[in-house]
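Trainee: I would like a close look at one part of this model and at what surrounds it. Please take it residue by residue where you can.

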Amino acid sequence: SAMMAKLDLMNYRKGKVLIMEIMGRDSGWLTASTALLPKDVRPDYIYLPEMEWDEEEFLKEIEEIVSELHNSGWENINIRLCGYGKSGLENGVPNQFDISKKVGTIEQLKALSEKLESKGGKLYLDANVQFVYQTSLFDGFSQKNDSAHYLDRSIIYIGKYDTITREYGKNILPRFFVTPFNYTSYAKSFSDSLTKKCGDISVGISIGTIGKYLLGDYSSSKDLDRTQSAVCVKKMLNNLSEYYSLMSDNGNSYVLQYTSDILNVPLNSSNFDIEYQAVPFYSTVIHSSVNYAGFPDNLCADKNSALLQSLEFGAMPYLVCITSQDDILTGSAYESSLYSLNADRITEFTSRWEPVKNFINITSNSKISSHMIISEGVRKTSYENGHGVVINYNDYSIVYNNETISAKGYLIY
């Protein structure tokens, strides 16, 4: 019945919403079974009476995670809070600050910020002005005037990148790319509304993918190339950086002078056959001037290799998570990119990183002085303060300076 209703609904052009109530007796299994339908005919949202959401628990749960990490000796924790507004992760026009009641209150937000700062950390609020996922009447967003355009003048409206087809589709997380002309005004409007609603709250701002994608806008009224776009980005960042610490995804050169933290920095090469060796040029340049992290640790298939790469490249550990249970994302576009961070996973993470915690702290403010290829699968990274690490990526142990380094292991000095 749910599948047929979805097929009927798909015949309408747009603007139609169908709410179907499926009756059960003692539980919601019949309703839950609709999640097993093929993705294109599956309900967009499935609500079960068994899944209770405490509107006051979300930020409290984040505080509990922070407390567990603090109690394990981890300090200087930075958190980027995403999807905290009423629209969730798939935001509308990103020019206003709001916080959903399902996330918590402004007072709880301030308490979390203070807790992080007491141990040298920072709370960053995501304010990515580059995308608009949802539009509605009277929201101030014009698809024609406020979207970026391709060279053929068509609007840039694309979805998630498909690593198999190597194309951007329109079926998963489709969104409009905002024209760079609007970045500064959107960011200023967000900042003003944040100040108005939260007062003197001490937070940073995450600019999201601004440091990753540099787009032109080739509409007939703008004709903005990427060089001009970089000027728009820098103007926005210059204004924001006067009042906030900034965080970015990736970190192209035009954002480096403004950001304090960078996430999702590539820690390996493209691995093309023509490449013989790769050197950590990027991390060698920026280390000690900005904090950076690679791919989220808890999303890595081989967590030990991820730890070794972070040590070699001088990157910080990084986790991405939700406070709810994993199964709430089943069937969604986020089911393989977000996981809950329960007590067992926190314990696993802290125990694996505990041996290198002090090394990370000691070297975080020191420049990388050299990176050497000792032999096949063996790398050495040295810092100006005299500390360093030797990484053994091989499946067998090696001896370096009379010290045995186990397979897939490391030696800190």
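The request and the reply follow.

Trainee: Where does threonine 209 lie, and which residues does threonine 209 touch beyond those up to four places away in sequence?

Mentor: The model is a predicted one. Threonine 209 is in the loop that runs between β8 (204–206) and α7 (226–241). Its relative accessibility is 12%, and a residue is called buried when that value is under 20%, so threonine 209 counts as buried.

Not counting residues up to four places away in sequence, threonine 209 touches Asn128, Gln130, Phe131 and Asp249. Two polar contacts link side chain to side chain here. One joins threonine 209 to asparagine 128 at 3.0 Å, and another joins threonine 209 to glutamine 130 at 2.7 Å. Methionine 247 is 38 residues from threonine 209 in sequence, while their C-alpha atoms are 9.9 Å apart in space.

Next comes the strand before the loop. Serine 206 has its place in strand β8. With a relative accessibility of 0%, serine 206 counts as buried. Its contacts, leaving aside neighbours within four places in sequence, are Arg80, Tyr124, Leu125, Asp126, Ala127, Asn128 and Met247. Asn128 is thus in contact with serine 206 and is also touched by threonine 209. A polar atom of the serine 206 side chain lies 3.3 Å from the backbone nitrogen of glycine 208.

Strand β8 belongs to an open sheet of six strands, paired in parallel in the order β1-β2-β8-β9-β10-β11. The edges of that sheet are β1 (78–81) and β11 (291–292); each has a single partner strand, so one side of each is left without a neighbour in the sheet. In general, the strands of a sheet pair through backbone hydrogen bonds, in either the parallel or the antiparallel sense. At the β11 edge, strand β10 (residues 261–263) runs parallel to β11 and is joined to it by two bridges. Isoleucine 262 stands opposite tyrosine 292 in β11.

For antiparallel pairing, turn to strand β15. Six of the six residues of β15 (residues 378–383) are buried, so this strand is largely enclosed by the rest of the structure. Its two faces are both covered: Val378, Lys380 and Ser382 are buried on one side, and Arg379, Thr381 and Tyr383 are buried on the other.

β15 pairs with strand β14 (residues 368–375) in the antiparallel sense over six bridges, where isoleucine 373 stands opposite arginine 379. Two residues separate β14 and β15 in their hairpin, and glycine 377 in the turn has a positive phi of about 80°. β15 is also joined to strand β16 (residues 388–392) by five bridges, again antiparallel. Serine 382 has glycine 388 of β16 as its bridge partner. The hairpin of β15 and β16 has four residues between the strands, and glycine 386 in that turn has a positive phi of about 95°.

For a contrast with the buried residues, take methionine 3 in helix α1 (residues 2–9). Its relative accessibility of 33% means that methionine 3 counts as partly exposed. Together with Met4 and Leu7, Met3 makes a nonpolar surface patch of about 250 Å².

Methods
Residues numbered from 1 in each chain as written. Predicted model: local features only at pLDDT ≥ 70, side-chain atom pairs only at ≥ 80, totals over all residues. Heavy atoms only, no water. Buried < 20%, exposed > 50% of the residue type's maximum accessible area, 1.4 Å probe, protein only. Contact = heavy atoms within 4.5 Å. Polar contact = N/O pair within 3.5 Å; in protein donor to acceptor, adjacent residues only side chain to side chain. Pairing = 2+ DSSP bridges. Patch = residues over 30% accessible without salt bridge, like charges linked within 9 Å, V, L, I, M, F, W, Y side chains within 5 Å. Areas by Shrake-Rupley, 256 points an atom, 1.4 Å probe, with all protein chains shown as cover. Salt bridge = Lys/Arg side-chain N within 4 Å of Asp/Glu carboxyl O.
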